[in-house]
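Colleague: I'm new to this one and would like a close look at a single part. Could you walk me through the sheet and what packs around it?

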Amino acid sequence: MQDPNENLITIEIDGQQVRARNGAMIIEAADEANIFIPRFCYHRKLSIAANCRMCLVEVEGARKPLPACATPVTHGMKVQTRSPAAIAAQKGTMEFLLINHPLDCPICDQGGECELQDVAMGYGEDVSRYTEAKRAVADKDIGPLIATEMTRCIHCTRCVRFGREIAGMPELGATGRGEHMEIGTFVEHSIGSELSGNVIDLCPVGALTAKPSRFTGRAWEMRQYPSIA
């Protein structure tokens, strides 16, 4: 029987020795060691996109910060997630993400359980340096389950990858580039997958929310009950 430790290597994250699977990404090794690295596009059950850049970390010997979700570990690697260079890169990324994000948290159904809110508390500034007009994106009617506020979208593509890789129905996709990029169904039709409601929970912001319960309650007003589902 193969030794389970045979495929493990040793790396250093924030001065802590960590044993990681050879070929794993830095963010996976950090999660195993309970070391927090901010992220939006990364999800452990989806393919790697590395497009939000929120997980930038400093790696010894690298010329610039690297995305932890797309950088495989190597033996002896030294990673800093809280160094001045890493923090500056993460704060810079957050500033760019907030340039076009609307300031409508008080009326957003995702408020109180929003990943962007949580990360912005640690890596965002209280005052923006940008005074230009924010972009606005028209909402799409994609069915009876999902309400859209696409101006809030940060282009993490979690919903797109879920449809392709988990649901097996690539109904959502991206068009355009840069700040003109939009997530949609390409042609005007609703999402028909029976798994489509999962993108509501996958969305890290309030771009995709539950249409049946829209504006009926806040996250902290809900009660949790055990379920077999």
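Modeller: Let's start where helix 2 meets the sheet. Helix 2 lies across strand 3 and strand 5, and runs at about 160 degrees to strand 3. That angle is taken between N-to-C directions on a scale from 0 to 180 degrees, with axes fitted to C-alpha atoms, for helices over the stretch in contact; contact means heavy atoms within 4.5 Å. Helices (H or I, at least four residues) and strands (E, at least two) are DSSP runs numbered from the N terminus.

A word on the model itself. It is predicted, so local features need pLDDT of at least 70 and side-chain atom pairs count only at pLDDT 80 or more, while totals for chains, interfaces and linings use all residues. Residues are numbered from 1 along each chain as its sequence is written, and side-chain values use heavy atoms, leaving out hydrogens and water.

Now the sheet. It is open, with 5 strands in the order 2-1-5-3-4 and mixed pairing; two strands pair if DSSP finds at least two bridges between them. Strand 2 (16-21) and strand 4 (66-67) are the edges, each pairing on one side only.

Strand 3 (residues 56-59) runs antiparallel to strand 5 (residues 78-80), joined by 2 bridges. E58 has Q80 of strand 5 as its bridge partner. Strand 3 is also antiparallel to strand 4, again with 2 bridges, and here V57 stands opposite L66. Strand 3 and strand 4 make a hairpin with 6 residues between them, where G61 in the turn has a positive phi of about 95 degrees.

What about the packing? The largest nonpolar core has 33 residues, and F40, M54 and M94 are among those with the most contacts inside it. Such a core is a set of buried Ala, Val, Leu, Ile, Met, Phe, Trp, Tyr and Cys residues joined through side-chain atoms within 4.5 Å, where buried means under 20% relative accessible area, exposed over 50%, and partly exposed in between (1.4 Å probe, protein chains only). Helix 2 (84-99) supplies at least two residues of this core, as do helix 3 (115-123), helix 4 (158-167) and helix 5 (198-202). A second, separate core of 23 residues includes I11, I27, A50 and V79.

Follow the chain past helix 2 and you reach D104, in the loop before helix 3. D104 counts as buried because its relative accessibility is 17%. Its side chain makes a polar contact with the side chain of R152 (3.0 Å).

Key: Polar contact = N/O pair within 3.5 Å; in protein donor to acceptor, adjacent residues only side chain to side chain.
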